[in-house]
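Let's work through a few exercises on charged pairs. Have a go at each task before reading its solution.

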Amino acid sequence: MKIAILAGDGIGVEVTREAVRVLLEIAPIYDLHFEFSEHLIGGDAIRRVGNPFPDETRAACLESDAVLLGAVGSPEFDRLPPRERPEGGLLRLRTALGGFANLRPSRAYPALVGSSPLREDVFAGTDMVIVRELLGGLYFGEPRGTAEGEAFNTMRYSTDEVERVARVAFEVASGRKKLVTSVDKANVLETSQLWRATVERVAKDYPGITLEHLYVDACAMHLVTNPSRFDVILTENLFGDILSDEAAVLTGSLGMLASATIGGKVDLFEPVHGSAPDIAGRNLANPLGAIASAAMMLRYTCKNEGAADAIDRAITKFLDAGHRTADLAKQGAPFFSTSDTGALIAQFAVDAANMVHAYHAV
Ligand code: IPM
Ligand code: MN
């Protein structure tokens with residue numbers, strides 16, 4: 001399998017290195033063959049070639065089976081207009097790959113319930129996936145721009161765009177707790193009324209799945225008062241961006257969260273966190289979100305549930321053993337560096353994989 005690595009900016013470089021390490025170490029056990037190639041994106045690409053999404057990167061990604069991305073963003077480009085910024089490069093990458101459904105799982109690891117900003121009894125048992133529409137809405141709507149004394153963006157959705165992402169949400173729910181919560185602002189926005197009507201129509205094809213609707217403000221509230229009520233949250237691009245940060249931090253740290261973007265020509269996998277310039281280059285970043293994203297690649301693109309599972313179990317084992325990355329450690333307590341975390345997860349994943357193999361041999 002050809003995997004394009006776009007490490008990008010800040011801690012993206014460090015966390016992606018660990019994700020690749022874990023993939024390389026477990027590959028032989030599952031007879032997986034990866035061909036990795038590295039390409040420029042984001043601020044790093046602006047600095048080197050003056051473009052946050054160079055043509056070379058686009059071509060290489062489109063020839064790959066999957067893209068593994070670190071993070072983009074750098075304060076030195078804060079004054080640029082949106083499309084010229086590092087983030088603009090990421091949005092162009094997403095458009096080029098065509099994946100419209102962004103899956104962001106968020107769950108309570110038992111070892112981390114005490115690290116959640118929520119009370120343990122509120123957060124325990126939480127296990128949800130946010131399915132975020134990734135190619136529409138305010139991020140891409142035209143017209144957009146600035147005029148004398150004003151600026152404008154357009155929220156626009158077609159029924160087709162809503163329908164295809166809704167189908168993904170119902171499919172995901174059918175393998176889980178069978179509840180889809182569609183989130184919109186249908187009391188105010190036309191796009192949300194279209195969203196709601198379309199999701200209702202799609203739901204008829206999935207009689208085994210319960211559908212409910214929530215306004216986005218109410219959803220934001222339920223996420224902190226009763227997060228364990230959710231299974232699959234289906235929502236548009238900007239609402240999904242905001243709610244997924246909220247859902248992520250409930251787990252104890254934004255650094256834990258992985259994502260998969262599917263449905264297009266090439267699947268894209270990236271941690272939910274950003275480039276964290278304040279801690280970049282210091283071996284302090286939490287690579288677990290990036291490593292869990294690599295596990296999602298094994299699951300969705302390689303269709304290798306066993307290998308994905310071995311990594312997921314390695315992460316649980318690491319946390320259960322009381323090991324903490326800097327973002328999760330209590331003030332002053334010892335913690336694992338980025339590279340030590342990656343090395344130990346790789347070892348645990350190999351152990352988990354070999355254990356299953358030995359079991360099958362018996
Ligand atoms: C995310 C990020 C991106 C987004 C930015 C970097 C463009 O916040 O993946 O959630 O808004 O989609
Ligand atoms: Mn975001």
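Before we start, some vocabulary: buried means under 20% relative accessible area, exposed over 50%, and partly exposed in between (1.4 Å probe, protein chains only). This is a predicted model, so local features need pLDDT of at least 70 and side-chain atom pairs count only at pLDDT 80 or more, while totals for chains, interfaces and linings use all residues. Residues are numbered from 1 along each chain as its sequence is written, and side-chain values use heavy atoms, with hydrogens and water left out.

**Exercise 1.** Find the salt bridge partner of Asp184 and say whether each residue is buried or partly exposed.

Solution. Start with the criterion: a side-chain nitrogen of Lys or Arg within 4 Å of a carboxyl oxygen of Asp or Glu. Asp184 pairs with Arg196, with the closest N and O atoms 2.8 Å apart. Asp184 sits in strand β8 (residues 179-184) and Arg196 in helix α7, so the bridge joins parts 12 residues apart in sequence; helices (H or I, at least four residues) and strands (E, at least two) are DSSP runs, numbered from the N terminus. Now check accessibility: Asp184 comes out at 1%, so buried, and Arg196 at 22%, so partly exposed.

**Exercise 2.** Which parts does the Asp205 and Arg167 pair tie together?

Solution. First the contact: the closest N and O atoms are 3.1 Å apart. Next the location: Asp205 is in the loop between α7 (190-203) and β9 (210-215), and Arg167 is in helix α6 (residues 159-174), so the linked parts are 38 residues apart in sequence.

Conventions
Chains lettered and ligands numbered in written order.
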